[in-house]
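Grab a pencil and work through these exercises with the structure open beside you. Try each task before reading its solution.

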Amino acid sequence: MSEKPKRILHIVGTMNLGGQETFIMNLYRKIDRSKIQFDFVVHSKEKQFYEEEIKQLGGRIYKIDSMSKNLFCHMKTLYHILKDNRYAIIHRHTNSSIIWFDLLVAKMAKVQKIIVHSHSSSSKSRIIHKICRSIMNLFIDIRLACSKEAGEWLFGKKKFEVIPNGIDLKKYRFNEEKREELRKQMRIEGQFVIGHIGRFSSEKNQDFLIDILKRIKNKKKNVVLIFVGDGEEREKIQKKAIEYEVNNEVKFLGNRKNVFELLNIFDVFAFPSIYEGLPLTLLEVQANGLNAIISSQISNEVILTDLVEKLPLNNIEEWIDSILKKKRKENLEKYNQIMLQSRFNIDDVIKKMERVYE
C-alpha cells in the first residue's frame with residue numbers, strides 16, 4: 001500500500017494571477033505530488049483564478065474571511081481547518097508581519113513546522129509591520145524570502161534563506177510565428193507595442209505608464225500600450241486613459257493564462273513599480289529576449305542580462321527616450337540559455353523546497 005503524500009497548507013491572500021501565486025503554481029505543477037500535496041487557505045470567498053487547476057492537481061482550497069474583515073471569525077475558522085485536517089506544516093506567504101495572528105493559531109493547533117515566506121520588500125502598513133515583527137518572529141520555524149531585500153524587510157536581523165522565484169524558463173523562448181499570429185488577431189500589425197504585466201495596485205504604479213503614453217503619442221505614430229492583469233486599480237487606470245485621450249492606444253487584456261505567448265508581441269517592457277520583492281515577470285521577460293525598462297526601486301538580483309535598464313521614476317523624459325530607442329535584438333536564444341543556467345530555473349528551486357518540506 002502506497003504512502004499518502006504529505007499535505008502542506010499554503011496560506012495566501014488569494015490564488016489569483018500575481019507574482020507569488022504564479023511562483024506557488026510553478027512549484028505545485030512540477031513538484032512530486034505522489035510525495036507532497038498542496039492545499040490552500042485564501043482570504044476571499046470569490047472564485048480564484050487558479051481554483052480549477054488546484055482541484056485538478058489534487059489540492060483543496062478553503063475560503064475564509066480576511067483578518068481585516070473579521071479577525072475573530074478568521075482565526076476560529078483557520079484553527080478548525082488546521083485541527084480537523086491535522087496539518088503538520090503550514091507555509092504562510094506574506095509581505096507584512098501582521099500575519100502573526102495566523103502563526104499564533106497554528107501554534108494553538110499544534111502545527112509542527114511553521115514556514116513564513118516573504119514576497120516583497122515593503123507593504124502599505126509600514127508602522128504596524130515594524131510593531132508586529134518581533135511578535136511574528138517568535139512563532140516561525142523556517143524563514144524564506146524571494147530576495148535578500150524581501151527577507152530583511154520581513155524578518156529584520158533574523159536568519160532567513162533566499163529561495164528564488166523559479167519559473168519554467170523553456171516556455172518563454174521567443175517565437176516569431178506566435179508574435180505574428182497574435183499581433184494579427186489583436187489588429188496591431190506594424191504597431192510599436194509597450195507591454196506591462198502586473199496586478200493593478202498602487203505599488204505597481206501603472207499611472208506612470210499612462211503619463212508616458214500621452215507624451216509618446218505626440219512623438220511617435222502607431223504606438224500601443226498593452227496591460228495584462230487585473231486588480232483594484234484597473235478602473236482608475238482606464239478612467240485616466242480616457243481623461244488623457246489615449247484610450248484608443250491602450251488595451252486591457254485582463255488576467256491571461258498565456259502570458260508566455262503574449263511576451264512575443266511586445267517591443268519593449270515597462271515596469272515602473274514603487275517597490276517589489278523579486279518580480280517573476282522580469283525573469284520571464286529576459287528569457288524571452290525582450291528589452292525591459294524598470295524603476296530604480298527594483299532589486300538588482302533580478303537583472304541577469306543586458307536587456308534590463310533601471311531608471312529613476314522622477315525623470316519621465318528619460319523613460320520616454322529609452323522606450324523609443326528599444327527594439328528586438330538578434331540571437332534571442334542566448335538569453336533563454338543564460339536564464340536556464342541561472343538559479344531561477346524551477347527544477348533547482350523545487351529541489352530546495354522539497355528539502356525545506358522534508
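**Exercise 1: Two loop asparagines**

Asn222 has 52% relative accessibility, so it counts as exposed, the cut-off for that label being over 50%. Keep in mind throughout that this is a predicted model.

Task: Work out where Asn222 sits and what its phi is, then do the same for the loop position and phi of Asn205.

Solution.
- Step 1. Find Asn222 in the loop between H8 and E9.
- Step 2. Check its backbone: phi of Asn222 is near 55°, which is positive even though the residue isn't a glycine.
- Step 3. Move to Asn205, in the loop between E8 and H8. Its phi is near 60°, again a positive value in a non-glycine residue.
- Step 4. Put that in context: most residues other than glycine have a negative phi.
- Step 5. Now accessibility. Asn205 comes out at 15%, so it counts as buried, as that label needs a value under 20%. Asn222, at 52%, counts as exposed.

**Exercise 2: A glutamate in a loop**

Task: Is Glu203 buried or exposed, and which residues does it touch beyond its neighbours within four places in sequence?

Solution.
- Step 1. Locate Glu203 in the loop that runs between strand E8 (192–197) and helix H8 (207–217).
- Step 2. Its relative accessibility is 12%, so Glu203 counts as buried.
- Step 3. Look at the side chain: Glu203 makes a polar contact of 3.1 Å with the side chain of Ser201.
- Step 4. Now skip the neighbours within four places in sequence. Glu203 is then in contact with Lys124, Ser273, Ile274 and Tyr275.

**Exercise 3: Reading the sheet**

Task: Give the strand order of the open 7-stranded sheet, say which strands are at its edges, and trace the pairing of E1 with E2 and with E4.

Solution.
- Step 1. The order reads E3-E2-E1-E4-E5-E6-E7, and the pairing is parallel.
- Step 2. The edges are strand E3 (61–63) and strand E7 (161–162), each of which pairs on one side only.
- Step 3. Strand E1 (residues 6–11) runs parallel to strand E2 (residues 36–42), and 6 bridges join them. Ile11 stands opposite Val41 in E2.
- Step 4. E1 also pairs with E4, in the parallel sense, over 4 bridges. Here His10 has His91 of E4 as its bridge partner.
- Step 5. Carry on to E5: E4 and E5 pair in the parallel sense over 6 bridges, and Ile89 has Lys113 of E5 as its bridge partner.

**Exercise 4: What is covered?**

Task: How many residues are buried in E4 and in H1, and which helix lies across E5?

Solution.
- Step 1. In E4, 6 of its 6 residues are buried.
- Step 2. Split E4 by face. Ile89, His91 and His93 are on one side, with Ile90, Arg92 and Thr94 on the other, and both faces are covered.
- Step 3. Helix H14 (residues 346–357) lies across several strands, including E5, and runs at about 145° to E5.
- Step 4. Turn to helix H1 (residues 19–30). Its 12 residues reach 17 Å from the first C-alpha to the last, close to the 16 Å expected.
- Step 5. H1 is mostly covered, with 9 of its 12 residues buried. Among them are Phe23, Ile24, Met25, Leu27 and Tyr28.

**Exercise 5: Sorting aromatic pairs**

Task: What geometry does the Phe38 and Phe40 pair have, and what about Phe227 and Phe252?

Solution.
- Step 1. Two numbers do the job: a pair of aromatic rings is described by the distance of the centres and the angle of the planes.
- Step 2. The count comes to 14 aromatic pairs. For Phe38 and Phe40, the ring centres are 6.4 Å apart and the planes are at 80°, so this pair is edge-to-face.
- Step 3. Phe227 and Phe252 form a stacked pair, with 5.2 Å centre to centre and 20° between the planes.
- Step 4. Phe227 lies in strand E9 (residues 223–228) and Phe252 in strand E10 (residues 250–252), so the pair ties together parts 25 residues apart in sequence.
- Step 5. Check burial: Phe38 is at 0% relative accessibility and counts as buried, Phe40 is at 0% and counts as buried, and Phe227 is at 0% and counts as buried.
- Step 6. Finally, widen the view: Tyr28, Phe38, Phe40 and Tyr357 form one aromatic cluster.

Technical notes. Residues are numbered from 1 along each chain as its sequence is written. This is a predicted model: local features need pLDDT of at least 70, side-chain atom pairs count only at pLDDT 80 or more; totals for chains, interfaces and linings use all residues. Side-chain values use heavy atoms; hydrogens and water are left out. Helices (H or I, at least four residues) and strands (E, at least two) are DSSP runs, numbered from the N terminus. Buried means under 20% relative accessible area, exposed over 50%, partly exposed in between (1.4 Å probe, protein chains only). A polar contact is a pair of N or O atoms within 3.5 Å; within protein, one must be able to donate a hydrogen and the other to accept it, and residues adjacent in sequence count only if both atoms are side-chain atoms. Contact means heavy atoms within 4.5 Å. The expected span of a helix is 1.5 Å times one less than its number of residues. Two strands pair if DSSP finds at least two bridges between them. Axes are lines fitted to C-alpha atoms, for helices over the stretch in contact, and angles run from 0 to 180 degrees between N-to-C directions. Rings of Phe, Tyr and Trp (its six-membered ring) pair if their centres lie within 6.5 Å; planes under 30 degrees apart count as stacked, over 60 as edge-to-face and the rest as tilted.
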